[in-house]
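Here is a short note for a colleague who is meeting this structure for the first time. The points below take up its enclosed spaces, one open pocket and a strand pairing.

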Amino acid sequence: MKRRTWLLTAAGGAGALIVGWSVLPQRSRVGAASLMLPQQGEFALNGWIKVAADGAIVMAMPRSEMGQGVHTALPMLAAEELDVPLSSMRIEQAGSDSIYGNIANLVANLPFHPSEDNEDGFGRVKASRWVVGKLARELGINATGGSSSVSDAWDVVRLAAATARASLVGAASLQWKLPAEDLSVRDGVISHASGRSASYGEMARFAAATPPGEVKLKERRAWKLIGQPAQRLDLAGKVDGSAVYGVDVRLPGMKYAAIRQCPMLGGSPGAVRADKALAMPGAERLVMLPPYAGATAGFAVVGRSSWHAQRAVQAVEVEWRQRPLGALDSKRIEAELEAAVRNTEGHVFHARGNASHAENNASKRIESWYRAPYLAHATLEPMNCTARVANGQVEIWIPTQVPQMARAIAARVAGVAVEAVSVHVTLLGGGFGRRLEVDHVAQAVRVAMDCGGAPVQLLWSREEDTTHDFYRPMHVARLVAGLTAKGEVASVTIKSAGDAITPRWIERSMPALAGPVDTPDKTTSEGLFDLPYGFEHQRMEHVATRVGVPVGYWRSVGHSHNAFFSESFVDELAVQSGVDSVEFRRRLLAGSPRHLAVLNLVAEKSRWGRPPAAGRARGVALHESFGSVVAQVVEVSLEAGRPRCHEVVCAIDCGTVVNPGIVAQQMESAVVFALSAALYGSVDIVQGVVQQKNFPSYPMLRLREAPRVQTWIVASENLPAGVGEPGVPPLAPAVGNALFALTGKRVRALPISL
């Protein structure tokens, strides 16, 4: 029995024992009306929907808005089923009940190859997904990540809204003594041919006591909102400045805290002398901070304002100590990863045919090594959390992707029950996975415990943020292919090495669930073990390391660097075969019609067959991640010896589209994010110290460098898939492939350097 099979089987068995419940239908996630606390004039109809007297619809919002448009997309699902204008929708933060958990995100993390769905029938794959889905349903982990918000909400939010609609129409039927099927709804007004009509607001109090009866979702052909571009509901607040981010929180009597953590990762403070710092105007107290939830040890200074606190914390005299295991060094780690690829057996995520035999009998063998560096998240809004600890109660205000985990760690630090902690989720000034962490929550609560019940806002400096991130892990990969005499690919073998993210994240965020051994982590090999190309013989293996650098989820996670490895290598194979890059991929995608359609669309829209302007070249890349397939064609030139990206043409198949405007925005955002990383992104560690401190040494793409981006969407009736992250992975290989076409130099390491 394969190790993965054994592990998943064991997990499934354990899950069955732990859970011990029968299948819970999707309807159970609609929840009871008692889960939504009605304000004056509001009537809750289930766990997701309230109706106000003025007809406004209030929807429980469990997902965090960090620019990806979820605070518009999810209300669109509800508005569609309720037959109300999107402008009548309001949102309020969802509670902590398990109905708001993100099931899709956890199920998607299972490391199954796409072909196993067919091979396995109703066996191991479906059973494992079922068990994990039920575990996720029971745990109710509320996380915004994995580009899963819409796919997770797709059924439950529409069903909750349709249920509310049925209660409202049912109430009108009872009040008017008319058959419900004779009533119609338009823009939140229930009408009958006799002329009787009432708004949802007028019927809300009756509907609260009316069972919904039979509930049916709208048929696709009746949709008015889904699939149409709609203005984002959060736009006005972001334009006029009324939107509240974490750093905008202001409370009566609030104090401010600044932090310094040991500059050597994993190190600690030795002797600390704070007399001069605390004598500075506005400085009030020093709070020592132990390492917790993945944070490096350090201290904070509380002050009258953020400016006072920042000045004073820099004035503290301290002797720092290296971590007991010795200083970390990124160059040494890279050498260790290369040695691991050469000498250490890894986990085989996928194997088909006999790649070794095919390679040994091939006419030509091609081997390339690829490298990706550590990367920081560099969210525009630095880490922050406001906390108040008083009378056995804890209250926190935070831009977070994981409010339940923030709540849990606040309770642990303060030594109170989870029920004693209240969490207010603000807008996020960028997440990209960094706000799946709760290290700064633990620090803020610890500081607040020393402040006599006053609220305290802990705000990291940009330098602390850059030098104490949970970085995208460094990875090294060896890719080998055997070609036949005709230039066809006989085999592909990929072996990579790098730290696994998920077990480290569980250790620091949910230590109670951390196991004694690491199970295979899909993030290490996603995008490599599940390539869509029809290589007859293939083997994909990864060596999971644990080098000590804090690593975390970074936008598009493993896909972000694995797509660079695989799509650059496929381009190498095309060159070796003497076949055009798009045509070469077409031949390998005969068994993947969805991918082929995306590739053909991007080739058509980019005019692939036509030569670009003099001094420019094009490159193409195709990648599937988070259920969506994205292809990009970029056009580049060189300016003063540096790559310049002029245009990116994107084609995407993300299943059913809720809001095409947001899809285009996410592709544009992904291009800028990914191009910043491809051209500039690298975190280097010397003697345990991160060398990049702020944007001058960790630059972002300038406005003048931003390319023109076109987005083309493949029409689809499949279930919705991810949008926030899939635009990132193809960009770096497409740029590298374009530069090869322009210069003849192959890019095999990031950031790009010619």
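**Notes on cavities, a pocket and a β-α-β unit**

1. The second largest cavity is lined by Gln261, Leu265, Gly294, Ala295, Thr296, Asp439, Trp460, His468, Asp469, Phe470 and Pro550. Please keep in mind throughout that this is a predicted model, and that the space in this cavity comes to about 50 Å³. Sorted by class, its lining holds five nonpolar, four polar and two charged residues.

2. How many cavities of 30 Å³ or more does the structure hold? There are four of them, and the largest has a volume of about 90 Å³.

3. The lining of the largest cavity is made by Pro373, Leu375, Arg472, Trp554, Ser560, Ala674, Ala677, Ala678, Gly681, Val728, Ala732 and Leu750. Helix α20, which spans residues 660-680, provides the largest share of that lining, with three residues. By class, the lining of the largest cavity comprises nine nonpolar residues, two polar residues and one charged residue.

4. Turning from cavities to pockets, the second largest pocket has a volume of about 710 Å³. Its lining consists of 29 residues, and those that lie nearest its centre are Met61, Glu92, Gln93, Ala94 and Val425. The elements that contribute two or more residues to this lining are β4, α13 (403-414) and β17 (421-425).

5. Which element gives the largest share of the lining of the second largest pocket? That share, five residues, comes from strand β4. Taken by class, the lining of the second largest pocket divides into 13 nonpolar, 10 polar and six charged residues.

6. Strand β4, which covers residues 89-93, also takes part in a strand pairing, for it runs parallel to strand β3 (residues 57-61), and five bridges join the two. Within this pair, Met59 of the model stands opposite Ile91 in β4. As a general point to keep in mind when viewing such strands, side chains in a regular strand alternate between the two faces of the sheet.

7. In what sense, right-handed or left-handed, is the β-α-β unit that β3, helix α2 and β4 make? The unit is right-handed, and the helix in it, α2, spans residues 70-82. A reader who wishes to follow strand β4 through the structure can therefore look at it both in this unit and in the lining of the second largest pocket, to which it gives five residues.

How values were computed:
Residues are numbered from 1 along each chain as its sequence is written. This is a predicted model: local features need pLDDT of at least 70, side-chain atom pairs count only at pLDDT 80 or more; totals for chains, interfaces and linings use all residues. Side-chain values use heavy atoms; hydrogens and water are left out. Two strands pair if DSSP finds at least two bridges between them. Helices (H or I, at least four residues) and strands (E, at least two) are DSSP runs, numbered from the N terminus. A crossover is right-handed if, with the strands pointing away from the viewer, the path from the first strand over the helix to the second runs clockwise. On a 1 Å grid over the protein atoms alone, a cavity is a set of points where a 1.4 Å probe fits but cannot get out, and a pocket is an open set with protein on both sides within 12 Å along at least five of seven lines; lining residues have an atom within 4 Å of a point. Grid points are joined across faces, edges and corners, and a volume is the space filled by probe spheres set on the points. Ala, Val, Leu, Ile, Met, Phe, Trp, Tyr, Cys and Pro count as nonpolar, Asp, Glu, Lys and Arg as charged, and the others, Gly among them, as polar.
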